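Reader: Could you walk me through some of the labels people put on a structure like this one? I'd like to hear how each label is earned.

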Amino acid sequence: MGKGGAFIKSVRPVPRGALRWFNLGSRRLEEEEEEKEERGGGVEDLRSVTEAGSSRSQSTGLDDRVDFCFPRGEPTLYRFRTAGDFRRHLMMGDARRRILYIPGTAQGQVEVFRFIPIAMDGSCGFAAVAKGVNAVKGMKFTPDKLRLLLRDQARSTSGFFAEEMARNAAYRFCVEEGGCTLDDFAASVVRKGVAGHWLGEKWQMVEVMALARVMQIRIDVFTYDEKCRILRRHDELNTSEAQCIGLLFSGPPSGGHFDLLLPT
């Protein structure tokens with residue numbers, strides 16, 4: 001399982017020790033989700049949802065057997081209580097169920113993305129970005145290569161992190177007071193696996209922004225809003241670039257997982 005956290009628009013000063021963005025907590029999240037399934041949690045009353053889908057299909061011509069809760073061509077109101085339930089449904093469905101309609105940045109705009117599942121192996125964030133960049137820009141990056149790129153950025157006096165420290169007082173405070181120096185980060189980011197460095201672990205979205213800058217691509221971060229039951233765009237990183245990929249984060253603020261969303 002990959003790590004994730006509460007997405008923020010900018011880096012804010014935080015107390016020492018509060019910079020660890022993720023906390024997997026062993027199998028706690030998976031065990032909680034399994035308990036929900038055993039209690040009958042997850043998707044609301046399947047019969048009522050299916051009936052609603054059938055009613056809509058009669059009026060729209062859509063086949064509810066294909067996708068009874070994913071309307072096409074408009075932002076989707078989903079039927080899932082948790083982000084975990086939503087992701088499991090995408091994983092179980094065929095390719096047609098993995099097409100997502102998300103409100104765009106412009107009023108009335110709808111953007112279409114394809115859900116690409118990423119392995120839960122501790123490198124989910126790096127793997128998602130690598131696969132997305134390769135698909136959009138025709139490159140051949142690997143998760144390990146992206147780790148090395150971030151390490152080199154941390155070591156460079158003219159790299160992204162040095163520039164960010166010079167211009168962003170809040171980020172500079174996080175680095176100086178948070179117990180993770182540039183040298184510490186350079187040593188951490190190359191460690192692979194579940195026990196290694198997970199994208200965003202030390203410096204939150206600043207790490208994702210660094211990848212977006214180095215790869216010259218816009219990265220939009222999405223989460224499933226469990227209250228409103230829609231997909232929300234929580235961060236737009238490196239917006240000056242025209243080419244874009246999406247990262248779908250699922251899980252609680254203390255730990256979660258990144259999958260890839262490819263523009264379609």
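Author: Let's begin with burial: buried means under 20% relative accessible area, exposed over 50%, and partly exposed in between, using a 1.4 Å probe and protein chains only. This is a predicted model, where local features need pLDDT of at least 70 and side-chain atom pairs count only at pLDDT 80 or more, while totals for chains, interfaces and linings use all residues. Residues are numbered from 1 along each chain as its sequence is written, and side-chain values use heavy atoms, with hydrogens and water left out.

Reader: What makes R218 and D220 a salt bridge?

Author: A salt bridge needs a side-chain nitrogen of Lys or Arg within 4 Å of a carboxyl oxygen of Asp or Glu. The closest N and O atoms of R218 and D220 are 2.9 Å apart, so the pair qualifies. Both residues are buried. Through shared partners, salt bridges link E111, R218, D220 and R233 into one network.

Reader: Why is R167 called exposed, and what is E164, buried or exposed?

Author: R167 has 60% relative accessibility, which is over 50%, so it counts as exposed. E164 has 6%, under 20%, so E164 is buried. Their side chains meet in a salt bridge, 3.1 Å from N to O. Both lie in helix α7 (residues 160-167), three residues apart, about one turn of the helix. A helix here is a DSSP run of H or I with at least four residues, numbered from the N terminus.

Reader: Why is R151 called partly exposed?

Author: Its relative accessible area is 21%, which falls between 20% and 50%, so partly exposed is the label. D152, at 34%, gets that label too. R151 and D152 form a salt bridge, with the closest N and O atoms 3.1 Å apart.

Reader: How do you know that α6 is roughly perpendicular to α10?

Author: The axes of α6 (residues 143-155) and α10 come within 10 Å and cross at roughly 100 degrees. Axes are lines fitted to C-alpha atoms over the stretch in contact, with angles from 0 to 180 degrees between N-to-C directions. Angles of 65 to 115 degrees count as roughly perpendicular, so α6 and α10 fit. Among the residues making the contact (heavy atoms within 4.5 Å) are L146 and L150 of α6 and L211 and M215 of α10.

Notes. Helix = DSSP H or I, 4+ residues; strand = E, 2+ residues; numbered from the N terminus. Parallel < 35°, antiparallel > 145°, perpendicular 65-115°, else oblique.
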